Amino acid sequence: MSDVQKRLVYALSTLWESHSQAEISVRMISAKAGSSVSAIDYHFGGLEHLFAKAQADAILCAQAWMEQTEAEVASLSGDTLDLSGKACLIASVIDNWARSQRPLAFAWREAHAAARDNSHLRAYHQRWNVLWSRFWENVSHSLDLSTHAEMIALFCDGEATQHLLSWRTTLDRALLDETVTIFLHFITSTPLPESYVRIAHRDLASRSYKQAYEREAQETPYEDAAAELLREEGLAALTFRAVAKRADTTLGTINYHFGSRSEMVRCALRRLYEKQVSQAVSDLALEEGMPSLELQNLIVARLADGKEPLLRALDEIILYISRAEEHEPMRGVIRNFSDPGGRVILQRLMGDEHEATDGLVAAFSSVCRGYSHAAGALDMEDSLTLGHRSLSAFSAKAPRT
């Protein structure tokens, strides 16, 4: 590659740490690369081709990191580590990926987002999915957990995405360690540890959130309209004009009410989070007494195309607030997201004789999120098969207490 091409690829890769692909313009890339606006078309034939090159380079870098990490894990003997030791090691790998390899982690998530919105870019998400699955298959083999490799890959996808949020670094890492430990105890049918760190983390995050926003005015229908748009269509659709149309009011009213798009986004994020937390059950409209298998079929059908609205919205919230300092008060509560819908679903899948604890609900949510991400890289038949295998672990094999 020429020097200009390298600078353009590096500029786009760097911008992913602070902006979504949908927000990045040709002018932004050109300014960061110190090149002319026409350079992208001249050297790559358009922004989409530059995206492809930047993704291909990120995948090669990620592969090198994964191979090095696999070698480090393989140098240990899996049978010398107890379950807690294996959990600490997996948590360390996730933490390293989300923190030390942060540019690659954002490239990974941007490939998924691009594939969801543009089928022409699906190949890069598919390559990431294969790479991620093989990596965790090799790590699981080294830790004598090969039987659970597929579930571990999905769970670690969800947890790594969540761990991109940095709120209180020490507490975040403790929360990650605890969640991985609970997940490994669950899949190996051993008694579950308590969720002490999660409860303490959530209490502190909730207090910080309330202190930051307790003096703000009560929400209006305009916040509701913005939150609904965010959930259904994503951040790119969140414009003054679209919110005015949804709220059945004038453009001037919305402009005056929010003042800026960043404030509108902040209010929409808050409202979406608060509506979800206060929700008693998920929007699956679950019927009391629904058989576990029927419930499993319903959930898999909703997640199988990788475009479930709430999970998509939560992904966008995580990526958005992890990039913006002004959303710090939201990071703690989103990092330790309370999922009432997920709790109801998990409890019904497992049955009344087992408890859907805080930590296990979090692990279940991470598996569902990881499955939703992987589903976008698979054809429908393979996606449905993966979904049923994943959820069967929760409905057919409940933890012993």
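The exercises below, each with a worked solution, concern a predicted model.

**Exercise 1. Describe the packing of H9 against H19.**

Two packed helices are described by the angle between their axes and the distance between the axes.
- Step 1: the axes of H9 and helix H19 (residues 358-375) are 9 Å apart, and the angle is about 85°.
- Step 2: angles of 65 to 115 degrees count as roughly perpendicular, so H9 is roughly perpendicular to H19.
- Step 3: on the H9 side, the contact is made by Thr179, Ile182, Phe183 and Phe186. Their counterparts in H19 are Gly359, Leu360, Ala362, Ala363 and Val367.
- Step 4: sorted by class, the contact of H9 with H19 has 7 nonpolar and 2 polar residues, with no charged residues.

**Exercise 2. Find where serine 189 and aspartate 248 lie, and state whether each is buried or exposed.**

- Step 1: serine 189 has a phi near 55°, a positive value in a residue other than glycine. Aspartate 248, also not a glycine, has a positive phi of about 55°.
- Step 2: serine 189 is in the loop between helix H9 (169-187) and helix H10 (196-213). Aspartate 248 is in the loop between helix H12 (240-247) and helix H13 (251-258).
- Step 3: buried means under 20% relative accessible area. Serine 189 is at 16% relative accessibility, so it counts as buried.
- Step 4: exposed means over 50%. Aspartate 248 is at 72%, so it counts as exposed.

**Exercise 3. Determine which charged side chain is nearest to glutamate 223 with opposite charge, and describe the surroundings of glutamate 223 and aspartate 224.**

- Step 1: glutamate 223 lies in helix H11, and aspartate 224 lies in helix H11 (residues 221-233).
- Step 2: glutamate 223 is buried yet has no salt bridge. The nearest side chain of opposite charge is arginine 271, 6.8 Å away; a salt bridge needs nitrogen and oxygen within 4 Å.
- Step 3: leaving aside neighbours within four places in sequence, glutamate 223 is in contact with His257, Phe258, Cys267 and Arg271.
- Step 4: aspartate 224 counts as partly exposed, because its relative accessibility is 21%. Not counting residues up to four places away in sequence, aspartate 224 touches Arg271 and Lys275.
- Step 5: the C-alpha atoms of aspartate 224 and valine 243 are 9.3 Å apart, with their positions 19 residues apart in sequence.

**Exercise 4. Locate the partners of three salt bridges and give their burial.**

- Step 1: the count comes to 20 salt bridges.
- Step 2: aspartate 157 and arginine 109 meet in a salt bridge at 3.5 Å, N to O. Aspartate 157 is in helix H8 (residues 149-163) and arginine 109 in helix H6 (residues 102-117), 48 residues apart. Aspartate 157 and arginine 109 are buried.
- Step 3: glutamate 228 and arginine 246 also form a salt bridge, at 3.5 Å, N to O. Glutamate 228 lies in helix H11 and arginine 246 in helix H12, so the pair ties together parts 18 residues apart in sequence. Glutamate 228 is partly exposed at 31%, and arginine 246 is partly exposed, with a relative accessible area of 31%.
- Step 4: aspartate 315 and arginine 369 form a salt bridge whose closest N and O atoms are 3.9 Å apart. Aspartate 315 is in helix H16 (residues 309-323) and arginine 369 in helix H19, 54 residues apart. Both aspartate 315 and arginine 369 are buried.
- Step 5: salt bridges that share partners join Asp95, Arg99, Asp172, Arg173 and Asp177 into one network.

Note on methods. Residues are numbered from 1 along each chain as its sequence is written. This is a predicted model: local features need pLDDT of at least 70, side-chain atom pairs count only at pLDDT 80 or more; totals for chains, interfaces and linings use all residues. Side-chain values use heavy atoms; hydrogens and water are left out. Helices (H or I, at least four residues) and strands (E, at least two) are DSSP runs, numbered from the N terminus. Buried means under 20% relative accessible area, exposed over 50%, partly exposed in between (1.4 Å probe, protein chains only). Contact means heavy atoms within 4.5 Å. Lys and Arg count as positive and Asp and Glu as negative; His and the chain ends are not counted. Axes are lines fitted to C-alpha atoms, for helices over the stretch in contact, and angles run from 0 to 180 degrees between N-to-C directions. Angles under 35 degrees count as roughly parallel, over 145 as roughly antiparallel, 65 to 115 as roughly perpendicular and the rest as oblique. Ala, Val, Leu, Ile, Met, Phe, Trp, Tyr, Cys and Pro count as nonpolar, Asp, Glu, Lys and Arg as charged, and the others, Gly among them, as polar.
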